[in-house]
Amino acid sequence: MYMIIYLLLAIIGGTFIGVQAGINGVLGKRIGIIEGSFVSFFIGTIILLLLAIFLGKGDLLKVTTVPKWQLIGGALGVGYVTIMVAVVPKIGVASAITAVIVGQLLISVTLDHFGFFIKQPIPIDWYRITGLVLLVISLLLIFKGNGKWF
């Protein structure tokens, strides 16, 4: 039962990404790509600071003891948000999000296969390859559907 709840929460998180991409794309068009990314991160930082202060149960000071590679997540987030701010006004939310999902699954299947971030590697098999191929086909169909073809 918990697995279904986790899956539903992940789907809800995905809807946040879709809405965020649209909002940030419009914001970036109005105030600039880098500026729109900055505003998005700044508001998110303020909210996270308040959540950490009032609801946090961890120890923020332990950040100095983690391996430095574990701190790159923020930089990757900046890259993602900035790219989305730039591309959503050009190709639309659906094409941009579908392309993001393709990228996420390509790297995720690779990371699982080699056992990065998990205890037990999950090898690439024909099911996963078929899923990736079908997802790339869906990207091409959704991109074609917005009237902009290569």
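The expected span of a helix is 1.5 Å times one less than its number of residues. Keep that in mind for helix α1. What you have in front of you is a predicted model.

Helix α1 covers residues 2-31, which makes 30 residues. From its first C-alpha to its last, helix α1 reaches 42 Å, close to the 44 Å expected at 1.5 Å a residue. Just after α1, Gly32 has a positive phi, about 115 degrees.

Now the overall picture. The protein chain has five helices and zero strands, so from the N terminus on, the order of elements reads α-α-α-α-α. The C-alpha trace spans about 50 × 45 × 35 Å along its principal axes. There are 150 residues in the protein chain, and 19% of them count as buried. The exposed area of the protein chain is about 11,400 Å², with 78% supplied by carbon and sulfur atoms. Take the contacts between residues at least 6 apart in sequence: 61% of these join residues at least 24 apart.

Back to α1 and what it packs on. Which residues of α1 are buried? They are Gly18, Ala21, Gly22, Asn24, Gly25 and Gly28. An α-helix has 3.6 residues a turn, so residues three or four places apart point the same way. The buried residues of α1 pack against α2 (33-55), α3 (73-91) and α4.

One residue of helix α2 is worth a stop, and that is Ser37. Is Ser37 buried or exposed? The cut-off for buried is under 20% relative accessible area, and Ser37, at 5%, is buried. Leaving out residues up to four places away in sequence, Ser37 touches Val81, Thr82 and Val85.

Last, the charges. The protein chain has 10 positive and 4 negative charges, and their mean positions are 9 Å apart. Side chains of opposite charge can pair when their charged atoms come close. How many salt bridges does the model have? The count comes to one. The partners are Arg128 and Asp112, with their closest N and O atoms 3.2 Å apart. Arg128 lies in helix α5 (residues 126-145) and Asp112 in helix α4 (residues 93-114), so the salt bridge ties together parts that are 16 residues apart in sequence. Arg128 has a relative accessibility of 25% and counts as partly exposed.

That is the end of my part.

Key. Residues are numbered from 1 along each chain as its sequence is written. This is a predicted model: local features need pLDDT of at least 70, side-chain atom pairs count only at pLDDT 80 or more; totals for chains, interfaces and linings use all residues. Side-chain values use heavy atoms; hydrogens and water are left out. A salt bridge is a side-chain nitrogen of Lys or Arg within 4 Å of a carboxyl oxygen of Asp or Glu. Helices (H or I, at least four residues) and strands (E, at least two) are DSSP runs, numbered from the N terminus. Buried means under 20% relative accessible area, exposed over 50%, partly exposed in between (1.4 Å probe, protein chains only). Contact means heavy atoms within 4.5 Å. Accessible areas come from the Shrake-Rupley method with a 1.4 Å probe; for residues, only the protein chains shown count as cover. Lys and Arg count as positive and Asp and Glu as negative; His and the chain ends are not counted. The place of a charge is taken as NZ of Lys, CZ of Arg, CG of Asp or CD of Glu.
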